[in-house]
Amino acid sequence: MDKLAAVTKIAFFKGLPDEKYTKLADIAVIKKFRKGETLFLGDTPAHGFFAPINGRVKIFRTSPAGKEQILHIFGPGEAVGEVPVFQGGTFPAHGQALEKLETLFFPRQDFERIIREDPDLAMKMMAMLSQRLRILVNKIDDLSLKETPARVASYLLLLRSSQDADTFTLDLPKGQIAHYLGTIQETLSRIFKRFAKDALIQVNGKDITILDTKALQDIANQRR
């Protein structure tokens, strides 16, 4: 994989001049992980951040009782673990390859040097960090203020928007979607069946068709 081509596809760096892409490509390292392999552990020093080229990364935490809570899923073109790199701290959660993964890795010391030398790049990073904060706030909002059907409806509408189609394929196994939404697989399946019975969606294996967008949106907007 051409590192320079991969760097130009990272949203974190979108719109930068060509010479800055070259600087970033020079410090990037290509790393490969097997499905289920750990990229980093929570509460360990953030030695750099990742940007998937192929495959996806699951960010999650585990409770003392062993229950897993998925915080986010990152795919190609997205930066993973960049916030603690800026803070100079530790990773706040675990990162694991959801599937066979090829990713760029940006070592912290090299990246900090480039940032110090390039104020424009530093401003771009601040904008992306602000966007990441909004994502986190929305996630907390969904988990704390919405009932489970509302969270499921929001998730389906998000997939519809991201894939730009009324019919789309679930991006994760149902068990992992349930973890991501803060519920269990049995509850998720019941909600899917209820939505299908009410003619809001049609389910065909992993393929979902949205039949009534407005009704789903009304459910997604419901609060406790």
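A salt bridge is taken here as a side-chain nitrogen of Lys or Arg lying within 4 Å of a carboxyl oxygen of Asp or Glu. In this predicted model, the side chains of Lys-20 and Asp-118 satisfy that condition, with an N to O distance of 3.3 Å. The pair joins distant parts of the chain, since Lys-20 belongs to helix H2 whereas Asp-118 sits in the loop between H4 and H5, 98 residues apart. Both Lys-20 and Asp-118 are buried.

A search of the whole structure finds 6 salt bridges, and two others can be set beside the buried pair. Glu-37 forms a salt bridge with Arg-34, their closest N and O atoms being 3.8 Å apart; Glu-37 counts as partly exposed at 24% relative accessibility, while Arg-34, at 61%, counts as exposed. Asp-166 and Arg-160 meet through their side chains at 2.6 Å, N to O, and here Asp-166 is partly exposed with a relative accessible area of 35%, as is Arg-160 with 28%.

From these charged pairs the description can turn to the overall fold. The protein has 9 helices and 10 strands, and 44% of its 224 residues count as buried. Among contacts between residues at least 6 apart in sequence, 71% join residues that are at least 24 apart.

The largest nonpolar core holds 37 residues, of which Phe-13, Leu-24, Leu-104 and Phe-106 touch the most other members. The elements that give two or more residues to this core are helices H1 (3-8), H2 (18-27), H4 (108-117) and H5 (119-145), together with strands S2 (38-40), S3 (48-54), S4 (57-62) and S7 (101-107). A second, separate core of 27 residues includes Ile-73, Ala-153, Ile-177 and Phe-192. Returning to Phe-13, and leaving aside residues up to four places away in sequence, one finds that Phe-13 touches Val-7, Tyr-21, Leu-24, Phe-49, Phe-106, Phe-111, Leu-121, Lys-124 and Met-125.

One of those partners, Phe-111, leads on to helix H4, in which Phe-111, Ile-114 and Ile-115 are buried. Seen down the axis of H4, the buried residues fall within an arc of 100 degrees, so they line one face of the helix. An α-helix has 3.6 residues a turn, so residues three or four places apart point the same way. On the other side of H4, Gln-109, Arg-116 and Glu-117 are exposed.

A charged residue in another helix presents a contrasting arrangement. Arg-151 is placed in helix H6, which spans residues 148-163. Side chains of opposite charge can pair when their charged atoms come close. Arg-151, however, is buried yet has no salt bridge, the nearest side chain of opposite charge being that of Glu-147, 5.9 Å away. That distance of 5.9 Å is to be read against the 4 Å limit that defines a salt bridge. A polar atom of the Arg-151 side chain does, on the other hand, lie 2.7 Å from the backbone oxygen of Leu-181.

Beyond Leu-181, the chain reaches Ile-184, which lies in the loop between helix H7 (174-180) and helix H8 (185-197). At 46% relative accessibility, Ile-184 counts as partly exposed. The C-alpha atom of Ile-184 is separated by 9.1 Å from that of Lys-174, a residue 10 places away along the chain.

Terms used:
Residues are numbered from 1 along each chain as its sequence is written. This is a predicted model: local features need pLDDT of at least 70, side-chain atom pairs count only at pLDDT 80 or more; totals for chains, interfaces and linings use all residues. Side-chain values use heavy atoms; hydrogens and water are left out. A nonpolar core is a set of buried Ala, Val, Leu, Ile, Met, Phe, Trp, Tyr and Cys residues joined through side-chain atoms within 4.5 Å. Buried means under 20% relative accessible area, exposed over 50%, partly exposed in between (1.4 Å probe, protein chains only). Helices (H or I, at least four residues) and strands (E, at least two) are DSSP runs, numbered from the N terminus. Contact means heavy atoms within 4.5 Å. The arc is that of the directions from the helix axis to the C-beta atoms. Lys and Arg count as positive and Asp and Glu as negative; His and the chain ends are not counted. A polar contact is a pair of N or O atoms within 3.5 Å; within protein, one must be able to donate a hydrogen and the other to accept it, and residues adjacent in sequence count only if both atoms are side-chain atoms.
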